Structure formats: C-alpha cells, structure tokens
Amino acid sequence: MSTILVDRDDHVVTITLNRADKLNALNEELLTELGRAVRDLMRDATVRCAILTGAGEKAFAAGADIAAMSEMTAVQAKLFAELGHRVGHALEATHFPVIAAVNGFALGGGCELALACDFIYASDRARLGQPEVSLGILPGFGGTQLLARRVGAARARELCMTGDIVTAEDALRIGLVNAVVPHAELLPRVRDLAKKIAGKGPLAVSGIKRVVVRGADVPLATANELEATAFAALFGTHDQREGMRAFLEKRTPKFEGR
C-alpha cells in the first residue's frame, strides 16, 4: 500500500499521508514518496494549489517513526534528518501554495511538515508541538528554525525546550496556525480556500510565494527590490492583461498562467 495518496480536482491537488494505522508516523518510505510526489507536481504547471493532510481521524502526522529512530546510529540519524529537510524544502519551493490541513496530532516531524507549508488550518481536535526533547533529542526536520520564524524565537525556545503540546486554540493564539475549524468541516473549508486561490492569477500567486520566502532571509531593502522586480515581471503577461481588462469590464477573469 502506498504511504502517500494524491488526488486531483481540476487545479487543486490533495496529498494525504497514508499510514493511518501508525498515526501517519514519518518513516523513510513515506518521506521519500512524499518528496517524489511533490517534485512530480512541481513539473506540472497546471497545479495551482495543494493540500497536505493525514489519513484517518486522529493524526496529521504524530511524528517521526520512533521505533525506526531508536535503532539509528548518528550517521543514519543525520541522513534521516537530511531527508526530512529535503522534503520540507520541496514544499517551500513549489510554484503553488501548499495548505496544511491538520486533522489531528501534528507532533515532531508532523509539526515540521505543517510548518513547511505556506499556512496551516487546524481541526478543533488538533494538537501541535515539538516534543523531541522528551526523547533526549531535538527537532531534526527544521523545527527550531521554522517554528521561530512562525511564532517568534522566545516562543519557539519555550515550546522546543519544554516539549509542550498545544491545543488548536492555543496554536491559533500564538500564530502557529491560521485558523481553527470544526473537525468535520476542515477538509471542505480548506478545499474551498484552495479553489479560491486557484482561481486567482497563478503567476501572481507563485510570485507572492517566491518573494515572501526569499525576502525572509535578506535585509528589508533587498526584499523590497525583489518585490518590485517580481511586480514588474508580471506586466506584459496574458494574466496581467486579462485581470485588468476583466476588472474594467466588471467580469470574472480567465487566467491561463501565462
């Protein structure tokens, strides 16, 4: 059985972590399949938005597979961490936004996968955290850095050093997730959101993602220059002409991604 399921609805793709019997724990096989699936989608210009979620009712991903990690040497652990980082980087590098639909536990590597997405919608049953310190290790898939960028360094240090697991409402309060949704409504709400984004100018959406990601690691003046360059590059495209013409003609634009 595949550890990853990929479903397509027009311009929106849903990727499901498919180890429900293991609470979608992240092992080498799942991470490898996920990375391959994301890279395949990156070669498809017609994909405009993706959703990442977990199979079953209990977990998005309850963390890395501890049974597998318990037998790793330091060299094997480094390779495993590098695999997790590659998957996170692939999610960050897509030309389309990726929305994490956190339907249950998102702990350790599961939380890190969600953090690698563009934003997070959580079920009211969701629980999130980086509890690795309770195992005598630290987050290995980018958690210390991604969490700090999302909620601030002091809050990230607190969560990583205590290993505390927070409720969906607390995650919303500290800025870890964008919204909390009743459990039964999570996927319908996220699909509606994904379709809304897919209906916007795909070149513009892609440009926003690229500039926000690249701009986060450079001085403000450099980031603003990146933005101005990306803004100018969209002029003369079909989508820019169509979007402005549709606005003036008071109709819905028909974007083609060119």
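Colleague: In which loop is Asn24 found?

Modeller: Asn24 is found in the loop between β2 and α1, the helix of residues 28–42. Please keep in mind that this is a predicted model.

Colleague: How should the backbone angle phi be read, and what is the phi of Asn24?

Modeller: As a general idea, most residues other than glycine have a negative phi. Asn24 has a positive phi, near 55 degrees, and is not a glycine.

Colleague: Is Asn24 buried or exposed?

Modeller: Asn24 has a relative accessible area of 0%, so it is buried; the cut-off for that word is under 20%.

Colleague: Which loop holds Asp10, and what is its phi?

Modeller: Asp10 sits in the loop that links β1 (4–9) and β2 (12–17). Its phi is positive, about 60 degrees, and Asp10 is not a glycine either.

Colleague: Is Asp10 buried or exposed?

Modeller: Asp10 counts as exposed because its relative accessibility is 57%, and the cut-off for exposed is over 50%. Thus one positive phi belongs to a buried residue, Asn24, and another to an exposed residue, Asp10.

Colleague: Let us turn to the sheets. In what order do the six strands of the open sheet stand?

Modeller: A sheet is read strand by strand, from one edge to the other. Here the order is β1-β2-β3-β5-β7-β10, and the pairing is mixed. The edges are β1 and β10; each has a single partner strand, so one side of each is left without a neighbour in the sheet. From one strand to the next, the twist averages 20 degrees.

Colleague: How many bridges join β1 to β2?

Modeller: There are six, and the two strands run antiparallel. Within this pair, Leu5 has Thr16 in β2 as its bridge partner.

Colleague: Which strand is joined to β7 by four bridges?

Modeller: That strand is β5 (residues 98–102), which runs parallel to β7. Ala100 stands opposite Ile120 in β7. β7 also pairs with β10 (residues 179–181), over three bridges and again in the parallel sense. In that pairing, Ser123 stands opposite Val181 in β10.

Colleague: How many of the five residues of β7 are buried?

Modeller: Four of them are, so β7 (residues 119–123) is largely enclosed by the rest of the structure.

Colleague: What is the strand order in the open sheet of four strands?

Modeller: The order is β4-β6-β8-β9, with mixed pairing. β4 (59–61) and β9 (165–167) are the edge strands; each has a single partner strand, so one side of each lacks a neighbour in the sheet. The twist from one strand to the next averages 20 degrees. β8 (residues 127–129) and β9 are antiparallel and joined by three bridges, and Leu128 has Val166 in β9 as its bridge partner.

Colleague: Which helix lies across β4, β6 and β8?

Modeller: Helix α4 does, and it runs at about 90 degrees to β6 (105–107).

Colleague: How is empty space inside a model detected, and how many cavities of 30 Å³ or more are there?

Modeller: Rolling a probe the size of a water molecule over the atoms shows where empty space is left. In this structure the count is one cavity of 30 Å³ or more, and the volume of the largest cavity is about 50 Å³.

Colleague: Which residues line the largest cavity?

Modeller: The lining consists of Leu31, Gly84, Val87, Gly88, Gly109, Glu112, Leu113, Ala116, Phe141 and Leu146. By class, six of them are nonpolar, three polar and one charged. Both α3 (74–93) and α4 (109–116) supply at least two lining residues, and the largest share, four residues, comes from α4.

Colleague: Finally, a residue of the interior. Which helix contains Leu34, and which residues does Leu34 touch?

Modeller: Leu34 belongs to helix α1 and counts as buried because its relative accessibility is 0%. Not counting residues up to four places away in sequence, Leu34 touches Ile4, Ile15, Leu17, Leu52, Val87 and Leu113. Among these contacts, Val87 and Leu113 also appear in the lining of the largest cavity. The C-alpha atoms of Leu34 and Gly88 are separated by 9.9 Å, with the two residues 54 residues apart along the chain.

Technical notes: Residues are numbered from 1 along each chain as its sequence is written. This is a predicted model: local features need pLDDT of at least 70, side-chain atom pairs count only at pLDDT 80 or more; totals for chains, interfaces and linings use all residues. Side-chain values use heavy atoms; hydrogens and water are left out. Buried means under 20% relative accessible area, exposed over 50%, partly exposed in between (1.4 Å probe, protein chains only). On a 1 Å grid over the protein atoms alone, a cavity is a set of points where a 1.4 Å probe fits but cannot get out, and a pocket is an open set with protein on both sides within 12 Å along at least five of seven lines; lining residues have an atom within 4 Å of a point. Grid points are joined across faces, edges and corners, and a volume is the space filled by probe spheres set on the points. Ala, Val, Leu, Ile, Met, Phe, Trp, Tyr, Cys and Pro count as nonpolar, Asp, Glu, Lys and Arg as charged, and the others, Gly among them, as polar. Two strands pair if DSSP finds at least two bridges between them. Contact means heavy atoms within 4.5 Å. Axes are lines fitted to C-alpha atoms, for helices over the stretch in contact, and angles run from 0 to 180 degrees between N-to-C directions.
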